[in-house]
Amino acid sequence: QVQLVESGGGLVQAGGSLRLSCAASGSIFSISAMGWYRQAPGKQRELVANIFSSGGTTVANSVKGRFTISRDNAKNTVYLEMNNLKPEDTAVYSCNGLIRSQRDIRIQEYWGQGTQVTVSS
């Protein structure tokens, strides 16, 4: 069993910063990639950023230059540093992981429970 637990959401004024964390735990064999998606009310879920086992990253154009994704391999944790936040960044942010567990070598997709980020103008 693999779990993803997020933390760090909250309410912030425009121009402010937040840091999200997502820790993977359980019977992990290896992590291929971890990342963050977000979904605003009435909109489709979109990729914010992800980071691969190689260290490569993908970052959405809408947050490039403001958001940074990083990871701590020893802790199986991924971070999303969000700076210069805008009201349009308001959404539920969910952690995603492509993970092999010790019980099944196939890569499976896991999701965290989501954390609310609200940016006031």
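**A disulfide, two sets of paired strands and a pocket**

A disulfide joins cysteine 22 to cysteine 95, with an S to S distance of 2.0 Å. The model is a predicted one. With sulfur atoms within 2.5 Å taken as the criterion, the count comes to one disulfide. The two cysteines belong to distant parts of the chain, 73 residues apart. Cysteine 22 lies in strand β3, and cysteine 95 lies in strand β9, which covers residues 91-101. The torsion about the S-S bond is about -85°, so the disulfide is left-handed. Both cysteine 22 and cysteine 95 are buried. Here buried means under 20% relative accessible area.

The strand that carries cysteine 22 belongs to an open sheet. Four strands form this sheet, in the order β1-β3-β8-β7. Their pairing is antiparallel. Strands of a sheet pair through backbone hydrogen bonds, either parallel or antiparallel. The edges are β1 (2-7) and β7 (67-72), each of which pairs on one side only. From one strand to the next, the twist averages 15°.

Within this sheet, β3 pairs with both β1 and β8. β1 and β3 run antiparallel and are joined by six bridges. Across this pairing, valine 2 stands opposite glycine 26 in β3. Six bridges also join β3 (residues 18-26) to β8 (residues 77-82), again antiparallel. Here arginine 19 faces glutamate 81 of β8 as its opposite residue. In a regular strand the side chains alternate between the two faces of the sheet.

The other cysteine of the disulfide sits in β9. This strand is mostly covered, with eight of its eleven residues buried. β9 pairs with β4, β10 and β11. Ten bridges join β4 to β9, and the two strands run antiparallel. One of the matched pairs is serine 30 with arginine 100, the latter in β9.

β9 and β10 (residues 108-111) are also antiparallel, with four bridges between them. A hairpin of six residues makes the connection from β9 to β10. Asparagine 96 has tryptophan 111 in β10 as its bridge partner. The pairing of β9 with β11 (residues 115-120) rests on three bridges, and these strands too run antiparallel. Alanine 91 is matched with valine 117, which lies in β11.

The pocket analysis brings strands from both groups together. Rolling a probe the size of a water molecule over the atoms shows where empty space is left. The largest pocket holds about 150 Å³ of space. Its lining consists of 13 residues. Nearest the centre of this pocket lie Ile31, Met34, Arg71, Asn73 and Asn76. Four elements, β4 (28-39), β5 (46-52), β7 and β8, each give two or more residues to the lining. β4 provides the largest share, at four residues. By class, the lining has six nonpolar, five polar and two charged residues.

Several of these elements recur in the pairings described above. β4, with the largest share of the lining, is joined to β9 by ten bridges. β7, which gives two or more residues to the lining, is an edge strand of the open sheet. β8 also contributes two or more residues, and this strand is bridged to β3.

Methods: Residues numbered from 1 in each chain as written. Predicted model: local features only at pLDDT ≥ 70, side-chain atom pairs only at ≥ 80, totals over all residues. Heavy atoms only, no water. Pairing = 2+ DSSP bridges. Axes fitted to C-alpha atoms, helices over the stretch in contact; angles between N-to-C directions. 1 Å grid on protein atoms, 1.4 Å probe; cavity = no way out; pocket = protein on both sides within 12 Å on 5 of 7 lines; lining within 4 Å. Points joined across faces, edges and corners; volume = space filled by probe spheres on them. Nonpolar A, V, L, I, M, F, W, Y, C, P; charged D, E, K, R; others polar. Buried < 20%, exposed > 50% of the residue type's maximum accessible area, 1.4 Å probe, protein only.
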